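I sat down with my notebook today to look up contacts between side chains, with one helix to follow. Here is what I jotted down, entry by entry.

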Amino acid sequence: MVREANVKQATAEKQLKEAQGKIDVLQAEVAALKTLVLSSSPTSPTQEPLPGGKTHFKKGHTRNKSTSSAMSGSHQDLSVIQPIVKDCKEADLSLYNEFRSWKDEPIMDRTCPFLDKIYQEDIFPCLTFSKSELASAVLEAVENNTLSIEPVGLQPIRFVKASAVECGGPKKCALTGQSKPCKHRIKLGDSSNYYYISPFCRYRITSVCNFFTYIRYIQQGLVKQQDVDQMFWEVMQLRKEMSLAKLGYFKEEL
């Protein structure tokens with residue numbers, strides 16, 4: 001038993017020395033990395049050695065005493081030199097006043113100042129596709145709330161009508177004409193045709209639909225839990241989603 005205890009003690013001491021050695025190595029690596037980060041920071045001047053062992057600064061750089069002192073020492077916490085950033089938002093007063101005027105008399109006429117701006121900046125760019133005739137029909141259906149979107153898997157491919165195949169297909173987007181996997185299709189009004197669309201086009205369409213749905217709710221007096229400021233920022237959020245969609249950012253259902 002004594003021999004077994006001595007063996008265990010020797011093994012534990014050996015493992016402790018190995019662990020301490022690893023800690024020393026890691027500490028040395030951390031110190032080296034911290035020094036490397038500090039010396040390669042864009043705000044720190046680059047120095048070149050001179051023959052006499054002195055250093056001088058490259059042309060184009062100016063020495064900043066406060067920056068140099070802040071970065072001296074490898075123990076300096078990097079968090080103290082990082083800028084503090086917070087999300088801010090400020091209403092465009094012109095747009096805000098246009099929204100308030102529209103809310104007082106909410107109409108769906110695209111020529112009113114509030115909606116006209118959003119049409120020009122968000123809706124038209126978001127629903128502009130290479131198949132312009134179909135794109136115009138999509139916008140009209142969205143405005144009239146007669147557009148429907150459904151997953152392709154709801155209807156087996158053997159039951160798809162010939163007219164639907166002519167409007168794209170599971171591997172060809174009807175709005176862009178490009179060969180893309182199409183997991184959804186749209187139907188415009190009472191038409192019997194289905195138009196297969198790519199995830200990118202679907203997100204652009206749904207972002208516009210979400211905007212129209214919300215302003216219809218305001219028009220119908222269904223938004224009762226929000227004041228005018230909350231409504232305005234909800235509209236701005238929906239505009240943000242349309243802006244991201246038209247720039248190519250979209251969310252795909254997996």
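**Entry 1: aromatic pairs.** I began with the rings, keeping in mind that this is a predicted model. I found 10 aromatic pairs in the structure. I looked first at Tyr-119 and Phe-124, whose ring centres are 5.3 Å apart with the planes at 55 degrees, so I noted the pair as tilted. Buried or exposed, I asked of Tyr-119? Tyr-119 is buried, at 2% relative accessibility. Its partner Phe-124 is partly exposed, at 28%.

I then turned to Phe-200 and Phe-250, a tilted pair with 5.7 Å from centre to centre and 50 degrees between the planes. This pair links distant parts of the chain, since Phe-200 is in helix α7 and Phe-250 in the segment after α8, 50 residues apart. Phe-200 comes out as partly exposed at 25% relative accessibility, and Phe-250 is partly exposed as well, at 36%.

**Entry 2: a cluster, and a lysine over a ring.** Which residues form one aromatic cluster? I listed Tyr-96, Phe-99, Trp-102, Phe-114, Phe-232 and Trp-233. Trp-233 has a charged neighbour too: Lys-89 lies over its face, 4.6 Å from the ring centre.

**Entry 3: salt bridges between α4 and α8.** Next I went through the salt bridges, and the structure holds 5 of them. In one of these, the side chains of Glu-121 and Arg-239 meet at 2.6 Å, N to O. Glu-121 lies in helix α4 (residues 113-126) and Arg-239 in helix α8 (residues 228-246), so this contact ties together parts that are 118 residues apart in sequence. I checked how covered the two partners are: Glu-121 is partly exposed at 38% relative accessibility, whereas Arg-239 is buried at 9%.

Lys-246 and Asp-122 also meet in a salt bridge, at 3.6 Å from N to O. Here, too, the link is between distant parts of the chain, with Lys-246 in helix α8 and Asp-122 in helix α4, 124 residues apart. Asp-122 is buried, with a relative accessible area of 2%, while Lys-246 is partly exposed at 28%. I drew the four together on my page, because Glu-121, Asp-122, Arg-239 and Lys-246 are linked in a network of salt bridges, and the Glu-121 to Arg-239 contact joins α4 to α8.

**Entry 4: Arg-185 and its two contacts.** What does Arg-185 form a salt bridge with? The partner is Glu-150, with the closest N and O atoms 2.5 Å apart. Arg-185 lies in strand β4 (residues 184-188) and Glu-150 in strand β3 (residues 147-151), so the pair ties together parts 35 residues apart in sequence. Arg-185 is buried at 2% relative accessibility, and Glu-150 is partly exposed at 21%. I also noted that the charged end of Arg-185 sits over the ring of Tyr-194, 3.8 Å from its centre.

**Entry 5: helix α7.** I finished with the helix that holds Phe-200. Helix α7 covers residues 199-219 and has 21 residues. From first C-alpha to last, α7 reaches 30 Å, close to the 30 Å expected at 1.5 Å a residue. How many of the 21 residues of α7 are buried? I noted 16, so this helix is mostly covered, with buried taken as under 20% relative accessible area. After α7 comes Gly-221, with a positive phi near 75 degrees.

Note on methods
Residues are numbered from 1 along each chain as its sequence is written. This is a predicted model: local features need pLDDT of at least 70, side-chain atom pairs count only at pLDDT 80 or more; totals for chains, interfaces and linings use all residues. Side-chain values use heavy atoms; hydrogens and water are left out. Helices (H or I, at least four residues) and strands (E, at least two) are DSSP runs, numbered from the N terminus. The expected span of a helix is 1.5 Å times one less than its number of residues. Buried means under 20% relative accessible area, exposed over 50%, partly exposed in between (1.4 Å probe, protein chains only). Rings of Phe, Tyr and Trp (its six-membered ring) pair if their centres lie within 6.5 Å; planes under 30 degrees apart count as stacked, over 60 as edge-to-face and the rest as tilted. A charge sits over a ring if NZ of Lys or CZ of Arg is within 6 Å of the ring centre and within 35 degrees of the ring normal.
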